[in-house]
Every structure is written in C-alpha cells, then in structure tokens.
Amino acid sequence: MNMKDINQILADTAYPRIGGTSSEKAGADYLICACKALGLTARLQTFPRTLFTVTAETLTADGRQIPCAGYYGSACGTVDGAFYYLQGTDTISLKKCKDKIVLTDKKLDHKLYDLLAANGAKGCITYSGNVYFPDRDLERRDIFFTVPHNSKMPAVHIHSADAITLVKSGCKRCSLTVEQAPYPAQSQNVLLDLPGESEETVIVSAHYDSTALSDGAYDNMSGCIVLLYLAEYFSRHPHHRNIRLLWCGSEESDLVGSLAYCRDNDLEKAVLNINLDMLGCVMGEFVAFSCADEKMQNTLESFLKKHRIAGSVRYGIRASDSNSFAYYGVPAVSFARYAPAHTATIHTRYDTKETVSAKQLLADAKYILRFTDSVVNTPNLSYCVSPKIKESVDAYMERKLWLQG
C-alpha cells in the first residue's frame, strides 16, 4: 500500500456511514472488496440495531421557533415550562430545575438524566457546534442508556449559537415536542482471519462507521486503512499467533458493533486487542493507550523509545472499541494520533479526506505494524486487565442499553 492507494480509499469512502443504514453497509461491502483485491476473503457478522423514525421535533422559545433535533430514544410528548439555564450540578442549582425546560452545557449521560428527572425537570436541551463556523449543522444524538419506564422527559439538541441566544435574550418560557417510533435495523462487523501457528489470537480493530454529519476520514477510515495495510503484510509473512482483523460497525452508536462481537464470539483464546481510532492527521501527537496494565504501559514506552517514535503513553481507557474488549476481560491497546485544537475536527462536516495526510498515515501504519508484529511473535504474552482499568471501563459501560440484552 502506498500514498496513492490511501488517497484513493479516502476518495472512494467520502460519504457518511451511519450505523444500521444502507450507507454503513456500503462501507462494509467496500472493505470486503478491498480485502478481495488482496486475495483475501473477509466476512460479515451481522447484529440487530434499533433506529428511530422522527415525526415531530420542535422547540419554541418565547414564541420563536428554534431548530432542533430530538434525541433518538427520548421520551415522546409535548412539554411546556419556564426556561432554566443549568450552569452547574450543585444541589442549589438542581433544585431550580423543578417544572422547568432545562438547558445544560453538559453531556446528557445517565447520571445527568437521573439528576434532572429526580429534581423535576420537564424537558432537556443540549447543544453543540462552533459559533464561529459558517454552518448551523445540527448533530443528531441518541440516548444509549436505560431510563426509567415512567420517564416523561423529552430531550432535544440545538446549535450553540441558538443556545447563546436563549441565554442572552433572557428566555422566559419554552415548549418542546418529540415524537418518534423505533424500528428494527441491522448493522455489521467485517472480519478477516489471518491464521498463525498458535491457538492464541490477537484482534486488531478499527471502526468504519461515521456520524451523520461526517465523511469520517480521520474518524475513522484512517484506522480502517491501517487494518488493510496489516492485512496486506501479514497475509504474506508468517506469524506465530492468529490475527483477526475486525472492522467494527456502529461504534459511533456507543460501541454497539464491538460489544456485539465480544458478546457473540468466544474470547477464550484472545490474548490482546489492538484498537486503531483516529490516525494520520496532518498535525498531532502519536498516543498509545494501555487499556490493560502497568506492564503494557512499560511495553509501550519501551516500544516508542526503541523505534524513536515521537509520542506519549497513557495508562487508561478512551471512548473507543478497546473499551468493549477490556469490559469482557481482554487486555487492550489503543493507538491514535490526536490533532491539536483547530487543526482537525470529528463528528462534523469538516472531517473529510483533506484532514488526513497520506504520508503521515503511512508512517503511522508502519509504527503499528512493528508493534503488531512484535506481539504476534513474542512468546508468552501475559498482560491482563488491571483493577484500575476494570473499574474505569465498568463505570463507562454502566447502564448501556446494549448490555441489557
């Protein structure tokens, strides 16, 4: 694989690949064809998804319509109440939520949802988007956590510019409506096996889906391209351990694809997950996460030093598919190249092929190949999921809808 090949893949996949939709399936089919071009046979692992058809999503503030997107999985209905901007989650501020439509700066996770519901909030408004950019794109968000069956608190998402207007204008009263219906859908992972001499398996993963606003070149066709680079190399070079390359679907839907893989496959022989998410950006630092133990942290530090790779090592989890493997007891490593602020962005229309440098991505692929080659051929791997990582990943996975199945 060379830079021309990388740029061609980025051009071919320059479209949103939304989990559970035909666009994601097109991405999966493309990866299978790319493997076939290497003389390799990849296969699909399908799994169910729940998607939503939204029939109504409105927000009215003091009689003025505000563009909004209802949260998938939100409670349905219409609520009306006084507007309240929640600036913090201290006890005094939360008590003022009673019977209010609440605007919050924070992510609507299960902890915040519970606090709002417990303090009597009628509805919730969140926001995102850069007020200095020319677009007014609305990000569609999901409620991925379990909510009480008696919950009647609908939630919508708006643009940051409108959130500022609501606060600056001293908004008095709001009304919001969300009406939607669930329907069954199907997503898929792409799997490619490269047999070795041992029964042990190293699983190398990268997600190929994107958000609705994004072409997902940086996040994360870049990681998918590195998997193809590894496929090309290891299909031609012998290796001790089995290698399974796993292109995960529906990662942006809270890791649904990797969780489905871990739930539905035997992981007894899986000794390590190497996860790739966001690589090859024009500027940025190469970062290696030990989602395993301190021994892995030491291994990664030695690896960077030995190969004179400019970068850093962190001992902890990140919001990526490595969490699914650690949750199911498989030690994991996660590689990324994090772009500096204002040089690249994800989950927006600006994550395009121009975000990725083919030259840098090829360099990152070579780094990851060296690490993968070392672990698939090193005798007696003995990494584990440490208590620190287990505690972190358990907290991250708390009340995930997919885990209730």
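Colleague: How many disulfides does a search of the whole structure find?

Modeller: Zero. A disulfide here is a pair of cysteine sulfur atoms within 2.5 Å. Keep in mind this is a predicted model, where local features need pLDDT of at least 70 and side-chain atom pairs count only at pLDDT 80 or more, while totals for chains, interfaces and linings use all residues. Residues are numbered from 1 along each chain as its sequence is written, and side-chain values use heavy atoms, with hydrogens and water left out.

Colleague: Why is Cys 68 without a bond to the closest cysteine sulfur?

Modeller: That sulfur belongs to Cys 174 and sits 10 Å away, so it's too far for a bond. Cys 174 isn't in a disulfide either: its nearest cysteine sulfur, in Cys 171, is 3.8 Å off.

Colleague: What makes Cys 68 buried?

Modeller: Its relative accessible area is 8%. Buried means under 20%, exposed means over 50%, and partly exposed is in between (1.4 Å probe, protein chains only), so Cys 68 counts as buried. Cys 174, at 1%, is buried too.

Colleague: And Asp 114, why is that called partly exposed?

Modeller: Asp 114 has a relative accessible area of 28%, so partly exposed is the label.

Colleague: How do you know that α1 and α10 are roughly perpendicular?

Modeller: Helix α1 (residues 3-12) and helix α10 (residues 358-377) pack at about 110 degrees. Angles under 35 degrees count as roughly parallel, over 145 as roughly antiparallel, 65 to 115 as roughly perpendicular and the rest as oblique, so α1 and α10 are roughly perpendicular to each other.

Conventions
Axes are lines fitted to C-alpha atoms, for helices over the stretch in contact, and angles run from 0 to 180 degrees between N-to-C directions. Helices (H or I, at least four residues) and strands (E, at least two) are DSSP runs, numbered from the N terminus.
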